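Here are a few short exercises to work through with the model open beside you. Try each task before you read its solution.

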Amino acid sequence: NVHTLQPPVLDRKDWAQRDAAGEVQMNYGTHFSCCVNSGWREHFFDQLDALTRFDIDGVFLDGPCIMGRGCYCEACRALFRGRTGRELADASADELFDFNAASLDRFLTEAYRRFKAAKPDGVLYNNLPAIRSRDSHYLLPQALACNDLVGTEAGFQFYSPPSTAYL
């Protein structure tokens, strides 16, 4: 699970995504949505590195996702300010998308690089939002370069009667 903070770190609000008003973003109304630019990033990479020491064939990443118009946590604001000299709150919609898509791409690229360095024949798979990828700030060509298989978990499942489902 790479889209919500889970035990034992589920109370780390400093690792959570925040909206423009500074409110913590929640996935499913139950767990903080983790930010790929916060201190959670290194925590995740430590966990991924630890997994590669086991006799495993691969890793499935459920997420990450960037919610809404993007994250406005302190880490994201500092990163944006450092790159542009401007405040994240002053960014246009296109600049916000580009910043968040680049953040996601940097995260996935680093995860893939680390995993493949330890497990060159292993499979790393990221649950891609294939139908509405831009809504989650994914750039599919870049995301596909960090995946050893193409797929989507639950993207094709019916969450309503099949007769009303989008196909």
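**Exercise 1.** Which residues does Leu5 touch, not counting residues up to four places away in sequence?

*Solution.* Keep in mind that this is a predicted model. Start at Leu5 and look for heavy atoms within 4.5 Å. With residues up to four places away in sequence set aside, you should find Leu10, Arg12, Trp15, Ala16, His31, Phe32, Cys34 and Trp40.

**Exercise 2.** Find the residues that touch the most other members of the largest nonpolar core, and the elements that contribute to this core.

*Solution.* First, the core has 26 residues, and those touching the most other members are Leu5, Trp40, Phe44, Phe107 and Leu108. Next, two or more residues come from each of helix 1 (40–51), strand 3 (58–61) and helix 3 (93–118). Of these, helix 3 gives the most, with six residues. Finally, look apart from this core: another one has ten residues, including Tyr72, Cys73, Ala91 and Leu96.

**Exercise 3.** Work out how helix 1 and helix 3 are oriented to each other, then describe their contact.

*Solution.* Begin with the geometry: the two helices pack at an angle of about 25°, and their axes are 10 Å apart. Angles under 35 degrees count as roughly parallel, so helix 1 and helix 3 are roughly parallel to each other. Their crossing is right-handed.

Now turn to the side chains. Helix 1 brings Trp40, Arg41, Glu42, Phe44, Phe45, Leu48 and Asp49 to meet Arg106, Phe107, Glu110, Ala111, Arg114 and Phe115 of helix 3. Sorted by class, this contact has seven nonpolar, six charged and no polar residues.

Note on methods: Residues numbered from 1 in each chain as written. Predicted model: local features only at pLDDT ≥ 70, side-chain atom pairs only at ≥ 80, totals over all residues. Heavy atoms only, no water. Core = buried A, V, L, I, M, F, W, Y, C linked by side-chain atoms within 4.5 Å. Buried < 20%, exposed > 50% of the residue type's maximum accessible area, 1.4 Å probe, protein only. Helix = DSSP H or I, 4+ residues; strand = E, 2+ residues; numbered from the N terminus. Axes fitted to C-alpha atoms, helices over the stretch in contact; angles between N-to-C directions. Parallel < 35°, antiparallel > 145°, perpendicular 65-115°, else oblique. Left-handed = near helix turned anticlockwise from the far one by under 90°. Nonpolar A, V, L, I, M, F, W, Y, C, P; charged D, E, K, R; others polar.
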